[in-house]
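Hello,

Here is the structure I promised to pass on to you. Please have a look at it first, and then read on for my notes.

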Amino acid sequence: MANEMQNWYEAAKKRSSIRIFSGKVPKDDFFELKDFADGLRNDKARIEFRAKNDVLSGFSIFGGVDGTNCFAAVIVRDKCRYMGGYIGEAFLLECISRGYGTCWLGTGFKRSALMKYIDLDADEKVVAVIAVGKPDDIHAAVGKKSIDRLTGLERQDYLALPRWQQDAANTARLAPSARNRQPWELDIQNSKIRIISNATNFGFGDVDLGIAMLHIELGAAKHGVYGDWEFENGNGEATFIPFSSARVLNDKESGAE
Ligand SMILES: Cc1cc2nc3c(=O)[nH]c(=O)nc-3n(C[C@H](O)[C@H](O)[C@H](O)COP(=O)(O)O)c2cc1C
């Protein structure tokens, strides 16, 4: 497993949203993270990492954060929200692996202030921001839906799956989502995992989907399984298909890490 993915996998396992920060990202790390954010840009989404005092401040009672002025604006093109979730979560997990606290914010920021600092093309939209800063304290993890609720599988059927599929499902289970709704289901098929968005979740359902897609890839990669995504019915449904079926079938026997 590549170092970066290993770090993100570990970050995904220990992460929880932080809303009270004890300080902003120091200058050197800030510019490194800014470069990192620039490197995630693709034709569907990009991230602008900024430090501005009026975007997050004073918004904590509206579901915002306190104690940092650093944020990543997650921008999508052509309403391709899942890609905003996917690269936004990569950025968030990189921040966690460098020791920072984070929180996705769909509403808890001042959009009018943000728009002073971000230039958007006509087909672009800011779908969320991610607050980043020094964590004030360790926050307890919030409850998540059970594996059987997310997959429809009985415990013994889940335990009979290849380890990469078990870990992919469980890493997805831990993904952040707006209001912790986890608005998707996992259909675990022979050598594949299909994820289906099952609610618009106040307009964040596709962002949540992209976040969970990255978590699925990280859980699979932990066991040496890499693959790509196929979209069947528009953006709301995607199937992770491993590149090498031989590796996938062997994983169960070898218990590879
Ligand atoms: C797209 C998205 C939007 C979110 N918007 C907000 C928000 O506006 N305010 C907030 O406090 N938390 C927000 N969150 C954080 C969720 O509440 C949090 O991820 C969820 O409760 C699960 O908790 P966890 O991240 O600690 O696992 C958002 C999360 C996502 C993925």
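Below is what I found, going from the domains to the sheets and then to the ligand.

Please keep in mind that this is a predicted model.

**The two domains**

The chain falls into two parts: domain 1 covers residues 17-135 and domain 2 covers residues 147-254. Taken over C-alpha atoms, their centres are 25 Å apart. Where they touch, domain 1 contributes 13 residues and domain 2 contributes 12 residues.

On the side of domain 1 that touches domain 2, the elements giving two or more residues are helix 4 (81-97) and strand 5 (124-135). Helix 4 gives the most, with eight residues. By character, this side of domain 1 has seven nonpolar residues, four polar ones and two charged ones.

**Strand 5 and its partners**

Strand 5 is a good place to start if you would like to trace the pairing in domain 1. As a reminder, strands of a sheet pair through backbone hydrogen bonds, either parallel or antiparallel. Here is what strand 5 pairs with:

- Strand 1 (residues 21-23) is antiparallel to strand 5, with two bridges between them; Phe 21 has Pro 135 as its bridge partner.
- Strand 3 (residues 70-77) also runs antiparallel to strand 5, and eight bridges join the two; here Val 74 is partnered by Ala 128.
- Strand 4 is joined to strand 5 by five bridges, again antiparallel; Thr 102 stands opposite Val 132.

**The four-stranded sheet**

Further along the chain there is an open sheet of four strands, in the order 6-7-9-8, with antiparallel pairing. Which strands sit at its edges? They are strand 6 (184-189) and strand 8 (227-231), each of which pairs on one side only. On average, neighbouring strands in this sheet are turned by 20° against each other, direction ignored.

Strand 7 (residues 192-197) and strand 9 (residues 237-242) form an antiparallel pair with four bridges. One spot to look for is Ile 193, whose bridge partner in strand 9 is Phe 240.

Helices pack here too. Helix 8 packs on the sheet and touches strand 6 and strand 7, with its direction at about 180° to that of strand 6. Helix 9 lies across strand 6, strand 7, strand 8 and strand 9, and runs at about 165° to strand 7.

Is helix 8 (residues 163-173) enclosed or open? Nine of its 11 residues are buried, so helix 8 is largely enclosed by the rest of the structure. Among the buried residues are Arg 163, Trp 164, Asp 167 and Thr 171.

**Around the ligand**

How many residues surround the ligand? There are 21, and the closest are Gly 63, Trp 104, Gly 106, Pro 176 and Asn 180. Strand 4 (101-105) and helix 9 (205-221) are the elements that give two or more residues to this shell. Both elements have appeared above: strand 4 is joined to strand 5, and helix 9 lies across the four strands of the 6-7-9-8 sheet.

The shell is made up of 10 nonpolar, eight polar and three charged residues. Domain 1 and domain 2 each supply at least three of the shell residues. If you have time for one view, I would suggest the ligand with both domains around it.

Enjoy exploring it, and do write back with any questions.

Best wishes

Conventions: Residues numbered from 1 in each chain as written. Predicted model: local features only at pLDDT ≥ 70, side-chain atom pairs only at ≥ 80, totals over all residues. Domains from an automatic or database assignment. Contact = placed C-beta atoms within 7 Å. Nonpolar A, V, L, I, M, F, W, Y, C, P; charged D, E, K, R; others polar. Buried ≥ 20, exposed ≤ 12 C-beta atoms within 10 Å, placed from the backbone. Near = placed C-beta within 6 Å. Pairing = 2+ DSSP bridges. Axes fitted to C-alpha atoms, helices over the stretch in contact; angles between N-to-C directions.
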